[in-house]
Amino acid sequence: MAHAEAAAKFNENEAKVNWHDKALWFVRQKRDKQAHKIQGWEQLRDYASALKANVLSNLDNYLVQFEENAKKNGVTVHWAANAEEHNKIVHSILQKHNAKKIVKSKSMLTEECHLNPFLEANDIEVIDTDLGERIVQLAQEPPSHIVLPAIHKTKEEVDELFQEHLGTKPSGGNPEYLTREARKHLRNKFLQADAAITGVNFAVADTGGFVVCTNEGNADMGAHLAKVHIACMGMEKLIPQEKHLGIFLRLLARSATGQPITTYSSYFNKPEEGKEMHIVIVDNGRTEQLSREDFRRSLHCIRCGACMNTCPIYRRSGGHSYDATIPGPIGSILSPGKDLTKHSSLPFASTLCGSCSDVCPVKINIHEQLYKWRQIIVKDVPQPFVKKNIMKAVGSILAKPKTYDFVGKSTRFMLKNTPKSLINSKINTWGHARDLPEVKGDNFEEWYKKKTEK
Amino acid sequence: MKVGLFIPCYINQLYPQVGIASLELLEKLGVDVEYPLGQTCCGQPLGNSGYEDDSKGTCQLFVENFKNYDYIVGPSGSCVYHVKKHFDILEQTEDVKRVRENTYELCQFIYQVLGKTDLGASFPHKVGIHKSCHGLRGLRLGSCSERMDPHFSTEENLLKEVKGLELKTLNRADECCGFGGTFSVFEEAISVKMGKDRIQDHIDSDVEVITGADHSCLMHLEGLINRNKQPLKVMHIAEILNSSI
């Protein structure tokens with residue numbers, strides 16, 4: 001379904017839209033407060049953006065350096081060209097250890113690769129351990145936000161889900177009770193797990209280590225308890241040196257949730273004795289995006305979700321309306337790179353207000369890329385015949401002052417003389433909920449001519 | 001200094017009073033201003049829809065109309081932004097480069113180029129500003145709430161000097177109104193919802209008149225206000241700065 005239709009559906013329940021909008025705006029405000037507390041916030045954004053640009057233009061070298069250092073630390077490094085390879089690699093590691101129960105910390109990359117259904121089809125139980133992720137997993141839905149995966153669900157809805165799947169008592173959506181029950185449920189899963197899968201927030205080229213950030217400590221619980229730790233990362237997650245972590249860690253949590261730092265920012269370097277650590281480095285379309293000059297900067301993204309929280313459209317249409325692993329503004333420039341036809345409505349799901357670009361901690365020019373995608377989409381994805389020809393006609397009318405003058409006058413005549421009931425009928429989308437401007441007297445040019453002739 | 005007045009297509013046809021106020025205001029300030037006849041549009045509606053290739057003739061016409069002026073001034077941040085930002089689709093001749101460089105939004109021109117704030121206007125009403133996105137984040141007419149820059153606002157600087165005018169603070173200083181050109185039609189549901197929320201913020205902030213430097217946003221808001229019979233008026237900032245009640 002195209003974004004506009006899905007968004008219209010989401011808007012049928014206005015009270016819920018208001019609630020969703022306020023919840024995300026609250027996070028945006030928390031972010032503003034925290035960002036204000038840091039002197040030189042804009043300079044930090046500049047540094048982060050420049051570092052990411054450096055990483056992307058030297059990606060080959062940094063990847064090799066990272067692999068060498070990780071291997072020195074006793075970590076096994078795997079390379080996956082696409083989602084399928086990624087899933088097979090993860091599966092083969094699990095098979096080797098006869099691992100049947102897996103705990104997973106939130107990872108948008110494994111979502112992107114559809115790892116869960118793949119492993120489940122191979123008789124492996126995968127439990128998402130981030131509370132929000134677990135909620136959407138129980139609901140059999142994809143996350144609607146990359147940092148707040150269940151932000152579209154009210155606590156009452158979570159209550160019902162837990163009753164159904166975890167056997168909890170009705171609590172009227174008591175968050176404390178529900179969290180405690182989730183904790184009990186997850187604690188068991190952690191203790192039983194044969195292997196743990198985590199994402200990677202930052203991979204450090206000069207040490208071969210990587211950092212995972214969570215607020216619930218679930219990545220750490222999983223990785224420390226299980227015998228095998230598999231970390232899955234997109235190849236753009238690299239940063240050059242350990243000292244650069246200071247920049248990115250300061251930006252990430254503040255941009256994501258308005259916290260000074262995530263509760264757990266854990267730096268993994270080598271496996272514990274008797275245990276194994278694997279890193280799977282995934283391309284899955286990233287080198288292709290890297291090759292598109294206008295869209296290269298989309299790979300700066302550190303997945304903080306700030307663009308979603310600030311986006312007035314995302315807040316009022318919900319993450320699922322984007323029908324993509326990464327929703328919102330950043331998703332709307334990443335997704336067309338993967339499947340232009342499927343995601344062709346996303347770059348148009350924006351007013352190009354630019355709030356996303358200004359909030360972005362790594363200064364991705366998101367709204368400019370949305371504009372660029374639009375130019376490509378109308379050429380490469382078949383457009384309705386009528387729309388295409390209307391645009392061509394408009395282009396030629398506006399290029400000829402006399403034709404424009406004639407069309408302008410006729411439109412004004414029509415607006416003045418057509419009955420309101422017809423103007424505001426269903427055929428006119430603008431007039432469905434809005435009045436058209438009232439047209440009186442001369443247009444400006446006519447007025448100006450009369451004035452100067454006097 | 002010779003100024004060419006740029007009146008965007010929708011203002012020419014639907015809101016001539018905004019063009020008149022802009023012209024009178026510039027004349028009042030002693031500017032040698034002229035409206036070149038035969039103007040049409042900046043080409044933005046096509047560009048934002050993905051059809052910027054079809055807009056080349058329109059953009060070229062714009063350059064032809066304005067190439068001989070020292071400054072080009074228009075009462076619409078969004079259209080001015082389009083000229084400055086997206087005329088990169090034309091061959092960058094000296095004329096094109098000069099036109100792009102010298103095109104200004106009206107308030108920006110008055111404040112930055114003429115260096116004036118007190119225009120001798122009076123308007124005894126409670127006013128809320130709709131800071132249109134293209135003016136704010138495109139032309140940087142003011143600081144925006146996402147960035148940690150010192151606060152400034154070109155529109156506020158001018159409105160603060162208007163006698164009797166009471167400027168109101170909004171709960172969300174600079175959220176988009178949901179107009180977005182063709183977005184308002186193709187994403188109607190969200191567009192309408194965004195507009196309604198924007199209006200509610202002004203009502204909650206005790207505003208009588210919503211103003212701004214972009215009449216396209218105001219047209220969208222006015223359409224909703226009139227349909228829902230809400231107790232608000234919409235006026236372009238040029239009309240307020242030109243008034244002497």
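**Exercise 1. A salt bridge at B:Asp54**

Task: In this predicted model, find what B:Asp54 and A:Lys392 form, and state whether the pair lies within one chain or joins two chains.

Solution.
Step 1. The side chains of B:Asp54 and A:Lys392 form a salt bridge, with an N to O distance of 3.7 Å. The cut-off for a salt bridge is 4 Å, so the pair qualifies.
Step 2. B:Asp54 sits in the chain B loop between helix H3 (44-48) and helix H4 (56-66), while A:Lys392 belongs to helix H19 of chain A, so the pair joins two chains.

**Exercise 2. A second pair, and its network**

Task: Locate B:Glu175 and A:Arg316, decide whether they are buried or exposed, and list the network to which they belong.

Solution.
Step 1. A salt bridge links B:Glu175 to A:Arg316, and their closest N and O atoms are 2.8 Å apart.
Step 2. A:Arg316 is in helix H15 of chain A, and B:Glu175 is in the loop of chain B between strand S6 (166-167) and helix H10 (183-186); the pair therefore joins two chains.
Step 3. Both B:Glu175 and A:Arg316 are buried.
Step 4. Over all chains, the whole structure has 54 salt bridges.
Step 5. Another of these bridges is formed by B:Glu146 and B:Arg137, whose closest N and O atoms are 3.1 Å apart. B:Glu146 has a relative accessible area of 1% and so is buried. B:Arg137 is buried too, because its relative accessible area is 7%.
Step 6. Through shared partners, salt bridges join one network made of A:Glu14, A:Asp21, A:Arg315, A:Arg316, B:Arg172, B:Glu175, B:Lys193, B:Lys196 and B:Asp197.

**Exercise 3. The largest cavity**

Task: Describe the volume of the largest cavity, the residues that line it and their classes.

Solution.
Step 1. The whole structure holds 5 cavities of 30 Å³ or more.
Step 2. The largest cavity contains about 110 Å³ of space.
Step 3. Its lining has 18 residues, and those nearest the centre are A:Cys311, A:Pro329, A:Ser350, A:Cys356 and A:Leu370.
Step 4. Four helices of chain A give two or more residues each to this lining: H15 (312-317), H16 (328-338), H17 (355-359) and H18 (366-380). H16(A) gives the most, with 3 residues.
Step 5. Sorted by class, the lining residues are 11 nonpolar and 7 polar, with no charged residues.

**Exercise 4. A nonpolar patch on the surface**

Task: Name the residues of the nonpolar surface patch that includes A:Phe385, then place A:Phe385 in its element.

Solution.
Step 1. A:Phe385, A:Val386 and A:Ile390 make a nonpolar surface patch of about 350 Å².
Step 2. A:Phe385 belongs to helix H19 of chain A, residues 385-398.
Step 3. A:Phe385 counts as exposed because its relative accessibility is 67%, and the cut-off for exposed is over 50%.

**Exercise 5. Two residues with positive phi**

Task: For A:Asp123 and A:Arg303, give the phi angle, the location and the burial class.

Solution.
Step 1. A:Asp123 is not a glycine, yet its phi is positive, at about 60 degrees. A:Arg303, also not a glycine, has a positive phi of about 60 degrees.
Step 2. A:Asp123 is in the chain A loop between helix H7 (115-121) and strand S3 (125-128). A:Arg303 is in the chain A loop between helix H13 (286-291) and helix H14 (306-310).
Step 3. With a relative accessible area of 62%, A:Asp123 is exposed. A:Arg303 is buried, because its relative accessible area is 15% and buried means under 20%.

**Exercise 6. Chain A and a distance across it**

Task: Give the span of chain A and the distance in space between A:Arg250 and A:Lys409.

Solution.
Step 1. Chain A has 23 helices and 10 strands.
Step 2. The C-alpha trace of chain A spans about 95 × 55 × 45 Å along its principal axes.
Step 3. Of its 454 residues, 57% count as buried.
Step 4. A:Arg250 lies in helix H12 of chain A, residues 245-257, and counts as partly exposed at 40% relative accessibility.
Step 5. From C-alpha to C-alpha, A:Arg250 and A:Lys409 are 57 Å apart in space, and they are 159 residues apart in sequence.

Definitions and conventions: Residues numbered from 1 in each chain as written. Chains lettered and ligands numbered in written order. Predicted model: local features only at pLDDT ≥ 70, side-chain atom pairs only at ≥ 80, totals over all residues. Heavy atoms only, no water. 1 Å grid on protein atoms, 1.4 Å probe; cavity = no way out; pocket = protein on both sides within 12 Å on 5 of 7 lines; lining within 4 Å. Points joined across faces, edges and corners; volume = space filled by probe spheres on them. Nonpolar A, V, L, I, M, F, W, Y, C, P; charged D, E, K, R; others polar. Patch = residues over 30% accessible without salt bridge, like charges linked within 9 Å, V, L, I, M, F, W, Y side chains within 5 Å. Areas by Shrake-Rupley, 256 points an atom, 1.4 Å probe, with all protein chains shown as cover. Buried < 20%, exposed > 50% of the residue type's maximum accessible area, 1.4 Å probe, protein only.
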